[in-house]
Amino acid sequence: MTSLAKFLSGLLGSAFEQNGLPADLGVVRVSDRPDLSQFQCNGAMAAAKQAKKNPRDIAMKIIETLSEKQEFKRLEVAGPGFINIDLTEDCIAAHTQAIASDDRLGLGAYPSDTVILDYGGPNIAKPMHVGHLRASIIGDCLRRVYDYAGYNALGDVHMGDWGTPMGQIISELELRGTLGQNLTMEDLEKIYPEASKACKADEKRADMARAATAKLQDGDADYIKVWQQFIDVSVAGMKANFDALGVHFDMWKGEACVHHLIAPMVNDLREQGLALDDDGAVVVSVASEADTKEIPPLILYKRDGAVMYGTTDLATIVDRVQEYNPSKIIYIVDQRQSLHFEQVFRVARMGGIVPNGTDLIHAGFGTMNGTDGKPFKTRAGGVMKLEDLIATGIDKAQARLDDANLADDIGPDERQDIAQKVAIAAIKFADLQNNRIADYVFDLDRMTSFEGKTGPYLLYQAVRIKSLLKKAAAQSMIMSNNFKIQDEDQVLALLLAEFPDHFDLALRNNTPHVLCDYAYKIAQSFSSFYSNCHILSERDEDLRASRLGLCSLTVRQLELILNLLGIQIPERM
RNA sequence: GGUCCCGUAGCUCAACUGGAUAGAGCAACGCACUUCUAAUGCGUAGGUUGCAGGUUCGAGUCCUGCCGGGAUCGCCA
């Protein structure tokens, strides 16, 4: 199975070949002028450029080659050499039927290799804040996309649990004489900023922290014991946040997990002549002659003997290659770390840490700014905790349910469940619909609004369809996949046929917003269909059965895409 | 200063990787609920795609130079 555009690309491609032209010129896409045609092919103009011929003549020849085909209702040359394509109603109906009887809704096959996705990246001893939102939900969405495609997709939370902050906290506890006492998450959240501030202000204090970090990494038993407590307390907090968001991980690993791999890895890099001593530190130079920019060396060991996150990132690659032999490792991490990943990836390649066939991809995302365009801060000037954002969303959704007077026939448990799903849909969709790479504006009001291009709008359309199908079933109405394609139905049917194209693009570029955009178009197209056509009251029984079938297909499609986005649909709202 | 990213409607964002008349949402204005859920639909208005060149049948998209914003440039993550 595939999309109509891909199917047509095949037909046009072989027509190009029969005319002695490259098949890839036959690529067909959904027309960007729906008033003129359903699909278009622009290859004749590219062919004309190469062959120095008239593009319209080439287009005419292609059309003649295709004239026998039954699928086409209309094929014509337009403008400088566009080939405009319309399919027959029968062809569209048959394709819609094929999608409806396919479990994968038309999606083709993908490889089944292992792909590791590294996202979330919460830090020990720090509360999760809104800044973790993007990394978590983009990563989780991509994991779902790769998983659905057929890959063995594994999400790793990759906690920050082995760096300088650990030493800062431990040394702070030591100074206070409370090392070894029980700690709560609240204690940690208070102590860490104080310790961090003290280290910034005083170089001697910072030295203590560095020494403590090195001692911890050296495996000091007492330190490890306290550190393990940090982990236990912090992970409980993280899980609460991730559960609320519906973000899943297959591995709860952290930087510390790979500590035992570091020494052998560095030795290996030394033997290859890549890792060198430099002013007390151990570094790998990664600059190359072809560089247009200066790339600093990657530091494996600092002068104080402690490792840095580049070292643990590298050792994590060693671990992942050994354990899973992935074909891709994708890092969903802030775009500002692109230089860091460039360094790590280069060392991984130079040192043969990663096989040639394994792609290392930094799928970076932009900075989160406030409505003033500057890095986001709450009114009080601090960061907003993730749990506070979620709670705000749920409160707003509850209030909305009250306004709509939906309290009467829905019990408190279901109301709570609806509010939760609406809030998460709102938050996730507001974030995921933005292009991953660009900076974006974090606007709490917009994020928790339920009208227009929002998550709740998508839920609403899906819920309306579900409700309608329930009514049809209650009246024992027949639903058919023997589609009758009329004007109103055709727009929706053609749109549903595009799914594999959008999925493919989202997968290829690691861009969830493509799926958001497509899901929104489906919801919008359905909503328009819904208000233009009466479905249950349609008198033509065949048409009614066809429309019910189309509704059913639409809601399956919506549910699938929302699921890929990590958004759940309530039964009613 | 070097390098990289960004600049599209009043605001927030798209534009299928070079295609035809640049599309959505919000905000504004005007319609449509005795009819399958109005968290909705339909319509109006809103643009010299930062500026100036270039490449070509064709540029928001590619190349050059400016202007403006951001990030980053070895011992934090």
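**View 1. The largest cavity of the predicted model.** About 40 Å³ of space lies in the largest cavity of this predicted model. Searching the whole structure for cavities of 30 Å³ or more gives 1. Rolling a probe the size of a water molecule over the atoms shows where empty space is left.

**View 2. The lining of the largest cavity.** The residues that line the largest cavity are A430, N434, Y440, V441, F442, D443, R446 and M447. Two elements, β13 and α15 (444–447), each contribute at least two residues to this lining. Sorted by class, the lining consists of 5 nonpolar, 1 polar and 2 charged residues.

**View 3. The protein surface around RNA strand B.** There are 69 residues around RNA strand B, and those that come nearest are R33, N435, V463, N509 and Y530. By class, the surface near the strand is made up of 29 nonpolar, 19 polar and 21 charged residues. Of the RNA strand B atoms within 4 Å of the protein, 55% are part of sugar or phosphate, and the rest are part of bases.

**View 4. Side-chain contacts with the sugars and phosphates of RNA strand B.** Y460 has a polar side-chain atom 2.4 Å from a sugar or linking oxygen of RNA strand B. For Q524, a polar side-chain atom is 3.5 Å from a sugar or linking oxygen of the strand. At S528 the partner is a phosphate oxygen of RNA strand B, which lies 3.4 Å from a side-chain N or O atom. Two or more residues of the surface near the strand come from each of β1 (28–30), α2, β4 (82–87), β8 (281–284), α13 (386–403), β13 (440–441), α16 (455–474) and α19 (512–532).

**View 5. N42 and its surroundings.** N42 sits in the loop that runs between β2 (39–41) and α2 (43–51). Is N42 buried, partly exposed or exposed? N42 counts as partly exposed because its relative accessibility is 25%, a value between the limits of under 20% for buried and over 50% for exposed. Leaving aside residues up to four places away in sequence, N42 touches V27, R29 and F82.

**View 6. N42 and M573.** In sequence, N42 and M573 are 531 residues apart. In space, the distance from C-alpha to C-alpha between N42 and M573 is 45 Å.

Methods: Residues numbered from 1 in each chain as written. Chains lettered and ligands numbered in written order. Predicted model: local features only at pLDDT ≥ 70, side-chain atom pairs only at ≥ 80, totals over all residues. Heavy atoms only, no water. Helix = DSSP H or I, 4+ residues; strand = E, 2+ residues; numbered from the N terminus. Buried < 20%, exposed > 50% of the residue type's maximum accessible area, 1.4 Å probe, protein only. Contact = heavy atoms within 4.5 Å. Near = heavy atom within 4 Å. Polar contact = N/O pair within 3.5 Å; in protein donor to acceptor, adjacent residues only side chain to side chain. Nonpolar A, V, L, I, M, F, W, Y, C, P; charged D, E, K, R; others polar. 1 Å grid on protein atoms, 1.4 Å probe; cavity = no way out; pocket = protein on both sides within 12 Å on 5 of 7 lines; lining within 4 Å. Points joined across faces, edges and corners; volume = space filled by probe spheres on them.
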